[in-house]
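The following exercises are worked through step by step. Try each task before reading its solution.

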Amino acid sequence: MARNVHPVAAGQRFGRGVVIMPECGRSRNGSVLARLLCDCGTRYEATRPQLWRAGKLSCGCARVHHLRKPQSRHPRGEAHPLSVLSDSDVRELRELWDSTRHLRPQDAARWSLSKLAGKYGVSEGAVDAAVHRRTWRHVT
Ligand SMILES: [Zn+2]
């Protein structure tokens with residue numbers, strides 16, 4: 001019987017990472033590995049104890065991001081006064097949306113259009129347009 005002392009659920013956030021698959025395999029010492037999606041768009045794996053001890057709160061990019069210079073002076077999308085989503089939100093949205101295809105239905109339901117809309121404070125239409133790339137086309 002696996003003890004569930006370190007619960008990890010799809011959609012749960014640990015630092016820069018969001019769980020996209022609570023169980024994707026086992027580490028060499030037998031711990032359950034979870035797959036996470038980093039804010040930078042990189043997928044990585046970590047054991048539950050690693051997450052709960054805050055040992056793996058990004059794919060390893062956190063330090064790199066600190067050193068990175070501010071982005072271009074002419075941002076599109078984010079510069080729009082009515083825009084709530086940032087470019088990185090859009091990337092995260094799309095990654096979440098794409099990754100729900102691998103989730104069990106009950107987990108995927110957590111990331112329905114309306115849930116995503118609520119999470120980011122935008123309309124379902126805006127989420128739908130963003131994930132299907134009718135808007136935010138400059139974001140890759
Ligand atoms: Zn990262």
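**Exercise 1. Contacts of one residue**

Task: In this predicted model, find which residues Val 19 is in contact with, leaving aside its neighbours within four places in sequence.

Solution.
- Step 1. A contact requires C-beta atoms within 7 Å.
- Step 2. Earlier in the chain, the residues that qualify for Val 19 include Val 8, Ala 9, Ala 10, Gly 11 and Gln 12.
- Step 3. Ala 34 and Leu 36 complete the list for Val 19.

**Exercise 2. Nonpolar cores**

Task: State how many residues the largest nonpolar core has, and which of them have the most contacts inside it.

Solution.
- Step 1. The core has 13 residues.
- Step 2. Those with the most contacts inside it are Val 19, Ile 20, Ala 34, Leu 36 and Leu 51.
- Step 3. At least two residues of this core come from β2, and at least two from β3 (32-38).
- Step 4. The largest contribution is that of β3, with 4 residues.
- Step 5. There is also a second, separate core of 11 residues, among them Val 90, Leu 96, Trp 111 and Val 127.

**Exercise 3. Sheet layout**

Task: Give the strand order of the sheet and identify its edge strands.

Solution.
- Step 1. Along the sequence the chain reads β-β-β-β-α-α-α-α-α-α, a total of 6 helices and 4 strands.
- Step 2. The 4 strands form an open sheet in the order β1-β2-β3-β4, with antiparallel pairing.
- Step 3. β1 (13-14) and β4 (43-47) each pair on one side only, and are the edge strands.
- Step 4. Strands of a sheet are held in pairs through backbone hydrogen bonds, in a parallel or antiparallel sense.
- Step 5. Between β1 and β2 (residues 17-26), the antiparallel pairing extends over 2 bridges.
- Step 6. Phe 14 has Gly 17 of β2 as its bridge partner.

**Exercise 4. Burial of a helix residue**

Task: Decide whether Ala 126 is buried or exposed.

Solution.
- Step 1. Locate Ala 126: it lies in helix α6 (residues 124-131).
- Step 2. Take the cut-off: a residue is buried if 20 or more other C-beta atoms lie within 10 Å of its own.
- Step 3. Ala 126 is buried because 21 other C-beta atoms are within 10 Å.
- Step 4. For one distance from this residue, take Leu 113: 13 residues separate the two in sequence, and their C-alpha atoms are 9.3 Å apart.
- Step 5. For the chain as a whole, 26% of the 140 residues are buried.

**Exercise 5. Sequence range of contacts**

Task: Among contacts between residues at least 6 apart in sequence, what percentage join residues at least 24 apart?

Solution.
- Of the contacts in that set, 38% join residues at least 24 apart.

Terms used
Residues numbered from 1 in each chain as written. Predicted model: local features only at pLDDT ≥ 70, side-chain atom pairs only at ≥ 80, totals over all residues. Buried ≥ 20, exposed ≤ 12 C-beta atoms within 10 Å, placed from the backbone. Contact = placed C-beta atoms within 7 Å. Pairing = 2+ DSSP bridges. Core = buried A, V, L, I, M, F, W, Y, C linked by C-beta atoms within 7 Å.
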